[in-house]
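Please open the structure in your viewer and keep the selection tool at hand. The tour below proceeds stop by stop, stating what to select and what is found there.

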Amino acid sequence: MNSVDSSLTPLAVTVSRPERVFPTLTPEHLSRIVAHGRRRSTTRGDVLVEVGDKAVPVFVVVSGELQAVLPANGSQTLIVSLHAGQFSGEASTIAGRRALVQLRVSEPGEVIQLDREQLAAMIQTDAELSEILMRAFILRRLELIARHLGDVVVIGSSHSAGTLRVKEFLVRNGHPFQYIDLDRDDEAQEFLDRFHISVADVPVVICRGDAVLRNPDNGQIADCLGFNEEIADTRVSDLVVVGAGPAGLAAAVYAASEGLDVLVLESNVPGGQAGSSSRIENYLGFPTGISGLDLTGRAYAQALKFGAHVVVAKGATRLACDGQRYTVEVDQGPRVRARAIIIATGAQYRKPALDNLSAFEGTGVYYGATPMEAQLCAGEDVVVVGGGNSAGQAAVFLASAARRVHMLVRGAGLAETMSRYLVRRIEENPAIALRPNTEIVSLEGEGRLARVRWRDASTGAVETHDIRHVFIMTGAVPNTRWLNGCLALDDNGFVKTGPDLSPRELASVSWPLTRPPHLLETCRPRIFAVGDVRGGNIKRVASAVGEGSIAVAFVHQVLRQ
Ligand SMILES: Cc1cc2nc3c(=O)[nH]c(=O)nc-3n(C[C@H](O)[C@H](O)[C@H](O)COP(=O)(O)OP(=O)(O)OC[C@H]3O[C@@H](n4cnc5c(N)ncnc54)[C@H](O)[C@@H]3O)c2cc1C
């Protein structure tokens, strides 16, 4: 057994609220926990959890001591020592992901072992213990992220779109990683050169200490880190939710908490468009606002807590609707069968017709304004394109970091397209320059964006500015291509539901029931559409969440029939 390097400060004494991160349970709590798990005695040196183990149990110390240790570069870092009444585990334990740390016995004694199913049963039935454990698990994960203690190293460059994508994927999945910036670390560059790793291979991701992935796609990272449970070919879920934005996550939370077997498929990362919003100020209950990442991160944790199975970086590629039972084809995965389906695939950013736009995506052109993008453009001029609320929020947010925000609007002003409170904030902010009747005509730069040319349609004047960051916030089109013609869509391609479906549309797919479609039900029985992908939806987080939860009530009804 390797010895623990005790010269390093244990995480427990450096965290800001140790009593919340590593709480001590009372004897009364322990007697409730023992009813769900099993007691076992421990011997010094026993390894209870090894790094990389999947679906690990939680251990509650009755007597003796456990140590959580992170092995890295041949040495070991003591994360925390757990004494009587304390427990192991963090957010990945709930998700069934691979363990990030080793857990071993440093003083013999006794523990209560709770396997994953037993833990799930306990947190669903014991509200007090659920609160203590969930809070500790989430705070522990945040500490690991803050201290970059994890099993992933990303070697990248701020000039590479892939680097931004990979960092965003890990951040939005709440996975800790270490980042080495090639632009600042000469030794890292030399190391890559020696191994013939070219610019096209950047970012390099060293995953779980051994696999070296060159410019991997999100699916490869998810597979390497064991984010996804395997989906069995034979599986028939009560409910498959496609898309894990606010609408899909709300559906997953309500359906799983009400006892349905739920599988969620997400082609990218949970959170959807809302996850890329810097600050959501109009969602009920958050008077000072909440970042989209925080809001959707909590919803994701909540869905997992209630037992929803969430598959990330694996989208639905095709809906098969010709049989009695619907199937969804999954990107590089098996067909998934479902008794009911909720479509929550949202919408995608509308992009201006500029020849070389894609060349600068992630290297100067962005579709979301989060603290990560804001860091990149601190003290510089930036452009925000768009006149809707998301553009307004981005402009106000970026104005706190950038030197100047040029807000380019195609129309004559903002009054018709933006909420009044945002218009006022923009008008009052001296760092924001509103440029009405103006559109970008070209983007220029070698490798990354260096200059932007725009044209004022009212004067015809074209200006060129040395600006390296453009935020396109011009709305979205629905993600419906994968529906394979199964469902009736409106003129703009959004899914039609409930009373919006005409008798002709229902007849054309031979609607087989005597009842009409429920609210939010599509032209196929037991398939629902919610959130931004649905025709007539109000494009807001609150309405996405509302529709996701309402649809579950109808799912119960159709499954009973
Ligand atoms: C920058 C920004 C700021 C915003 N700010 C606010 C705000 O302050 N207040 C407010 O109320 N609203 C705001 N909105 C709007 C709000 O975010 C959306 O209305 C909301 O996210 C819609 O939720 P949704 O779940 O329906 O769709 P989305 O959020 O679009 O989520 C859809 C999900 O489905 C996934 N998906 C797509 N295709 C597939 C497939 N084939 N298989 C599997 N998964 C798939 C996507 O990856 C995505 O994760 C903002 C939007 C943006 C872009």
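Contact, as the word is used for packed helices on this tour, means heavy atoms within 4.5 Å. Please also bear in mind that the model is a predicted one.

**First stop: helix 10 and helix 16**

Select helix 10, residues 246–257, together with helix 16, residues 541–560. Two packed helices are described by the angle between their axes and the distance between the axes. Here the angle is about 35 degrees, and the axes of helix 10 and helix 16 are 7 Å apart. The crossing of these two helices is right-handed.

Which residues of helix 10 meet helix 16? On the side of helix 10 they are Pro-246, Ala-247, Ala-250, Ala-251, Tyr-254 and Ala-255. Their partners in helix 16 are Val-541, Ala-544, Val-545, Gly-548, Ser-549 and Val-552. Colour this contact by residue class: ten residues are nonpolar, two are polar and none is charged.

**Second stop: the ligand**

Now select the ligand and the 35 residues around it. Those that come nearest are Glu-266, Gln-273, Gln-393, Asp-532 and Val-541. By class, the shell holds 16 nonpolar, 15 polar and four charged residues.

Next, display the distances from the oxygen atoms of the ligand. One ligand oxygen is 2.6 Å from an N or O atom in the side chain of Glu-266. A polar backbone atom of Ala-247 is 2.9 Å from a ligand oxygen, and a backbone N or O atom of Gly-272 lies 3.5 Å from an oxygen of the ligand.

How much of the ligand does the protein bury? Taken alone, the ligand exposes 1,000 Å², and the protein buries 91% of that. Helix 10, strand 16 (347–349), helix 13 (389–398) and helix 16 are the elements that each give two or more residues to the shell.

**Third stop: helix 13 and helix 14**

Keep helix 13 selected and add helix 14, residues 420–428. The two helices pack at an angle of about 35 degrees, and their axes are 10 Å apart. Is this crossing left-handed or right-handed? The crossing of helix 13 and helix 14 is left-handed.

Asn-389, Gly-392, Gln-393 and Val-396 represent helix 13 in this contact, where they meet Tyr-421, Leu-422, Arg-425 and Ile-426 of helix 14. Four of the contact residues are nonpolar, three are polar and one is charged.

**Fourth stop: two loops**

Select Pro-203, in the loop between helix 8 (186–194) and strand 8 (204–207). A cis peptide bond joins Val-202 to Pro-203, with omega about 5 degrees.

Finally, select His-148, in the loop between helix 6 (127–146) and strand 6 (152–156). The phi angle of His-148 is near 55 degrees, a positive value in a residue other than glycine.

Note on methods. Residues numbered from 1 in each chain as written. Predicted model: local features only at pLDDT ≥ 70, side-chain atom pairs only at ≥ 80, totals over all residues. Heavy atoms only, no water. Near = heavy atom within 4 Å. Polar contact = N/O pair within 3.5 Å; in protein donor to acceptor, adjacent residues only side chain to side chain. Areas by Shrake-Rupley, 256 points an atom, 1.4 Å probe, with all protein chains shown as cover. Helix = DSSP H or I, 4+ residues; strand = E, 2+ residues; numbered from the N terminus. Nonpolar A, V, L, I, M, F, W, Y, C, P; charged D, E, K, R; others polar. Axes fitted to C-alpha atoms, helices over the stretch in contact; angles between N-to-C directions. Left-handed = near helix turned anticlockwise from the far one by under 90°.
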